[in-house]
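Student: I should like to understand how the descriptive terms applied to a model such as this one are justified. May we examine them in turn?

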Amino acid sequence: MRRLVSKDIENLLPYVAGKPVEEVEKEYGIKDVIKLASNENPLGPSPKAVEAIIRTLSKLNRYPDANTCRLKDLLSQRLKVHKESIVFGNGSNEIFELLVRTFMVPGDEAIIAHPTFLLYQKIVNSAGCHVVKVPLKNMTHDLLAMSQRITPKTKFIFINNPNNPTGTIVLKKDFEQFLKYVPENVIIILDEAYFEFVQHTDYPDGKEYINSKPHVVSVRTFSKAYGLAGLRIGYGLMNPELANYVNRLRQPFNVNLLAQVGAEAALEDEEFFRKTRETIWEGLKFLYGELDEMDFKYIPSQTNFLLIDVKRDGRQVSQDLLKSGIIVRSLKEHGLDNYIRVSVGLPQENKRFIKAFRSYESLWENGS
Ligand SMILES: Cc1ncc(COP(=O)(O)O)c(C=O)c1O
């Protein structure tokens, strides 16, 4: 019988999203559930973005600007990047998909870390291409090992910097060393979704490379620091020649009208941006202190989430926390069986997480 789908599609697993708050509330018969599972902005959306969106609602009969010109002007000035280097997408996820569809042909390879953001593999495999997984070293990308896996079939190297789910970064000096080993026909995609949360001073800023190293692409999002995950808008910064090819595939209205005006306003919302970083950085400090006191190990994070070694099955721990109305992420599918990933929340949410964690800890210690 003729196959309905290709083998590559057959082998894909559906994305397992974090449980929505409403579903957990219904299932466990509880109220006040908090979600610390998807690395969203705990403060909500940028208020300026919300105002701009409300003002624009009456224009929804119109198609959006196919080239996202106003936002492109604004971002180009802000980042000091040529307009021709910016491509917007329906979330940064769409940028990864567009890059793969534009530059990879069936049989090509992409080198990725393991564990890293799961979407890269899905997108690469669905294009009939293969991923070469290189294990992390000390929980961060092993750039030397990744460069050693380059073959004539390699088209992309994905570097998630900072990496989800570990929260670690590759340092600027290591990245610049790595660049010397990567030929110019291999495109390096720096996924910088958590760029705005990085506190480390030796962090490479992807946009600084796109002109001198035209095979480096930086991909960013409005979903995290700007609080606009539900709107779906992200962007790629790349050499104009690459951007020109990607734009040939891109659907003209891929970034909807509300996302365009929301992102413009969010970029100007300096107060919200400042408060967001402060909330995350303070939240991380609080969590570190509490976990140190309980003697749990964690990976110091450059993001808005924290990877915690819970010393037992992370799935069981996340199930227990669900009963207390706290949604966190277990990492079995990443091969990190004894870990959970917790997004930094508001101060009261972080406290609730720690309180529940402490109460279960004594039960776990007693083997129940
Ligand atoms: C590493 C990484 N890249 C990209 C994204 C997706 O971002 P967007 O909402 O812009 O599609 C996420 C979302 O969680 C992420 O963790």
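Tutor: Certainly. Please bear in mind that the model is predicted. Let us begin with asparagine 41, located in the loop between strand 1 (34–35) and helix 3 (47–56).

Student: Why is asparagine 41 called buried?

Tutor: The relative accessible area of asparagine 41 is 11%. Buried means under 20%, so asparagine 41 meets the criterion.

Student: What makes the pairing of the side chains of asparagine 41 and threonine 276 a polar contact?

Tutor: The distance between them is 3.1 Å, and the cut-off for a pair of N or O atoms is 3.5 Å. The pair therefore qualifies. In addition, a polar atom of the asparagine 41 side chain is 2.9 Å from the backbone nitrogen of leucine 43.

Student: Why is arginine 248 called exposed?

Tutor: Arginine 248, in helix 9 (residues 240–249), has a relative accessibility of 58%. Exposed means over 50%, so the term applies to arginine 248.

Student: Which term describes arginine 232, and why?

Tutor: Arginine 232 has 27% relative accessibility. Partly exposed covers values between the 20% limit for buried and the 50% limit for exposed, so arginine 232 counts as partly exposed. This residue belongs to the loop between strand 7 (216–221) and strand 8 (234–237).

Student: What makes the phi of arginine 232 worth noting?

Tutor: Most residues other than glycine have a negative phi. Arginine 232, which is not a glycine, has a positive phi near 70°. Aspartate 295 likewise has a positive phi, of about 65°. Aspartate 295 lies in the loop between helix 11 (270–294) and strand 9 (297–299).

Student: Why does aspartate 295 count as exposed?

Tutor: Its relative accessible area is 57%, and the term requires over 50%; hence aspartate 295 is exposed.

Student: How do you know that arginine 232 makes a polar contact with the ligand?

Tutor: A polar side-chain atom of arginine 232 is 2.7 Å from a ligand oxygen atom. The limit is 3.5 Å, so this pair is a polar contact. An N or O atom in the side chain of serine 223 is 2.6 Å from an oxygen atom of the ligand, and a backbone N or O atom of serine 92 is 2.7 Å from one. Of the 400 Å² that the ligand exposes when taken alone, the protein buries 92%.

Student: Which residues are closest to the ligand?

Tutor: The closest are Ser92, Asp191, Tyr194, Thr221 and Ser223, out of 14 residues that surround the ligand.

Terms used: Residues are numbered from 1 along each chain as its sequence is written. This is a predicted model: local features need pLDDT of at least 70, side-chain atom pairs count only at pLDDT 80 or more; totals for chains, interfaces and linings use all residues. Side-chain values use heavy atoms; hydrogens and water are left out. A residue is near a molecule or strand if one of its heavy atoms lies within 4 Å of it. A polar contact is a pair of N or O atoms within 3.5 Å; within protein, one must be able to donate a hydrogen and the other to accept it, and residues adjacent in sequence count only if both atoms are side-chain atoms. Accessible areas come from the Shrake-Rupley method with a 1.4 Å probe; for residues, only the protein chains shown count as cover. Helices (H or I, at least four residues) and strands (E, at least two) are DSSP runs, numbered from the N terminus. Buried means under 20% relative accessible area, exposed over 50%, partly exposed in between (1.4 Å probe, protein chains only).
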